[in-house]
Amino acid sequence: MRRVVLLFSFMSLMYPAYNQVNLVPNYSFEDSIKCINCYDEFNGYVADWFGQGSWGGGGLSWYTSECYTPHGFWCNSGVPANAIGYQYAHTGVSYAGFFTYFNCPYLGAFRCNNRDYMQVKLNKSPLQTGVKYGVTFFVSLADTCKFACNDIGAYFSDSALYSDPLLAVKSNFTPQIANNPVTHPLTDKVNWMRVSGCFTAAGGEQYIVIGNFKDDASSSVDSIGSSASNGKWDEDAESAYYYVDDVSVREIVYAKAGRDTEICESGSAIIGTDTAKGVSYQWQPATGLANPNAAQTSASPTITTTYTLTVRNDSIFGCNCPDSVSTDTVTVFVCPPVILPDNIFIPTAFSPNGDGQNDILYARGHNIAAFHLAIFDRWGNKVFESQSMNQGWDGTYNYKPMETGTYVYYADGSYTDGKTFHQKGNITLVR
């Protein structure tokens, strides 16, 4: 288990932005139930996965560099070297392997239309009706094989496939994800090849099954010759045997920018959807945004702005779906500042006691062009005068605090439209 945790941490450091949830448990075949002894072992050995494997010559197998007991070359199930070939894992230290085609005339009629299939129950299943999912897995042709089969695919089922003692091809199932044998031949024995696509769930699917769902006559098979340096039994050489790694099923997330909204001057609004299922998010323009790369962010534009959200679904493995990139827009309207009817306001009381609350008396108003304020004590002495609304009275005269009590003010001036004002009133000073 420690090995898996370290691997996950390493992957997180390598790919911090990719946060789509993979619905496939043990997608890289790193977790085990028990260690293997030979390369013809899969069911009951690798965690979560199970399937239909052909008897003799290997069949459905699990390969790892950390949890196996070597039993000579013919039973070697290690990574990278094993009895079928030489290949490092696509990620981690483990992978699976299976037969997708046998040279029927050469091996005999009992091998006609024999197939291996591997399957696993998805996390958070069943799949949702009408939701689109991106699917990716990687395969590599084993060195010993004289044939390549280009028809590997993935079938999504509402139930597990039954165990077939005859190991017959499941040609009655049409895989939702199928490799294109014309544009993407699966003939590489050195590199891992990606099989990918997307489909819309009918609803209720709980299992993914990987294999060749075509019979021998319909399968796209290439004769390529064996690249093995030493002799092999015919079962391996006269076949198409593939390693499989990193199986991924992820929901395709579409951009949802949210509803148009309105804010007042200096206000803000939340745009987007609070979700972390998408791979990457980008808002444009970034002006006024708290985080232009978040699924949901705060927007504080100073003018009305239309934001475009772009969501890219392609994970580190890439599903190659046509609509894996989508966009959506939202407009944040900024209402104009409120401009009142001309006015002048002077408070009727203030408390210059140094507590930071209402310590200075200010006159306030809108559209003021000229301003004059004079304040007198009860004996008629002028204790304060100002011609600026930004200059207030702090309750002192000649740098000495004035007594509590009532003072009289006179304010006059003009507005920007030319109108004048003359105002008189009382101010109470308290401490």
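## Ser140 and its surroundings

The backbone oxygen of Asn191 is placed 3.5 Å from a polar atom of the Ser140 side chain. In this predicted model, local features need pLDDT of at least 70 and side-chain atom pairs count only at pLDDT 80 or more, while totals for chains, interfaces and linings use all residues. Residues are numbered from 1 along each chain as its sequence is written, and side-chain values use heavy atoms, with hydrogens and water left out.

The side chain of Ser140 also makes a polar contact of 2.8 Å with the side chain of Gln87; such a contact is a pair of N or O atoms within 3.5 Å, where, within protein, one must be able to donate a hydrogen and the other to accept it, and residues adjacent in sequence count only if both atoms are side-chain atoms. Ser140 belongs to strand 5, residues 132-141. Strands (E, at least two residues) and helices (H or I, at least four) are DSSP runs numbered from the N terminus. With a relative accessible area of 0%, Ser140 is buried; buried means under 20%, exposed over 50%, and partly exposed in between, for a 1.4 Å probe and protein chains only. Not counting residues up to four places away in sequence, Ser140 touches Gln87, Asp188, Lys189, Asn191, Trp192, Met193, Tyr241, Tyr242 and Tyr243, a contact being heavy atoms within 4.5 Å.

## The chain as a whole

The chain contains 3 helices and 27 strands. Of its 431 residues, 48% are buried. Among contacts in the chain with a separation of 6 or more, 72% are between residues 24 or more positions apart.

The exposed area of the chain is about 20600 Å², and carbon and sulfur atoms supply 52% of it. Accessible areas come from the Shrake-Rupley method with a 1.4 Å probe, and for residues only the protein chains shown count as cover.

## Asp116 and Ser219

Asp116 is located in the loop between helix 2 (104-107) and strand 4 (117-121). Asp116 is buried, at a relative accessible area of 0%. Its side chain reaches two backbone nitrogens: that of Phe99 at 2.8 Å and that of Leu60 at 3.4 Å. The C-alpha atoms of Asp116 and Gly211 are 6.5 Å apart in space, although the two residues are 95 positions apart in sequence.

Ser219 occupies the loop between strand 10 (207-212) and strand 11 (221-223). Ser219 counts as buried because its relative accessible area is 11%. Its side chain is joined to that of Asn212 by a polar contact of 3.1 Å, and a polar atom of the Ser219 side chain lies 2.8 Å from the backbone oxygen of Asp215. Not counting residues up to four places away in sequence, Ser219 touches Arg115, Asp151, Asn212 and Lys214.

## Ser300

Ser300 lies in the loop between strand 16 (296-299) and strand 17 (305-312). Its relative accessibility is 35%, so Ser300 counts as partly exposed. Ser300 touches Gly267, Ser268 and Gly288, not counting residues up to four places away in sequence. The C-alpha atoms of Ser300 and Ser266 are separated by 7.0 Å, with their positions 34 residues apart along the chain.

## Backbone geometry

Two peptide bonds that lead into proline are cis: Val79 to Pro80, with omega near 10 degrees, and Gln284 to Pro285, with omega near -5 degrees. Pro80 is in the loop between strand 2 (61-64) and strand 3 (94-102), and Pro285 is in the loop between strand 15 (280-284) and strand 16.

Positive phi values in residues other than glycine are found at Asn367, near 60 degrees, and at Asn398, near 50 degrees. Asn367 is in the loop between strand 21 (364-366) and strand 22 (368-376) and is partly exposed, at 30%. Asn398 is in the loop between strand 24 (396-397) and strand 25 (400-401) and counts as exposed, at 56% relative accessibility.

## The second largest pocket

The second largest pocket has a volume of about 210 Å³. Its lining comprises 14 residues, of which Glu251, Val253, Tyr254, Lys256 and Thr275 are the closest to its centre. A pocket is an open set of points on a 1 Å grid over the protein atoms alone where a 1.4 Å probe fits, with protein on both sides within 12 Å along at least five of seven lines; lining residues have an atom within 4 Å of a point. Grid points are joined across faces, edges and corners, and the volume is the space filled by probe spheres set on the points.

The lining divides into 9 nonpolar, 2 polar and 3 charged residues. Here Ala, Val, Leu, Ile, Met, Phe, Trp, Tyr, Cys and Pro count as nonpolar, Asp, Glu, Lys and Arg as charged, and the others, Gly among them, as polar.
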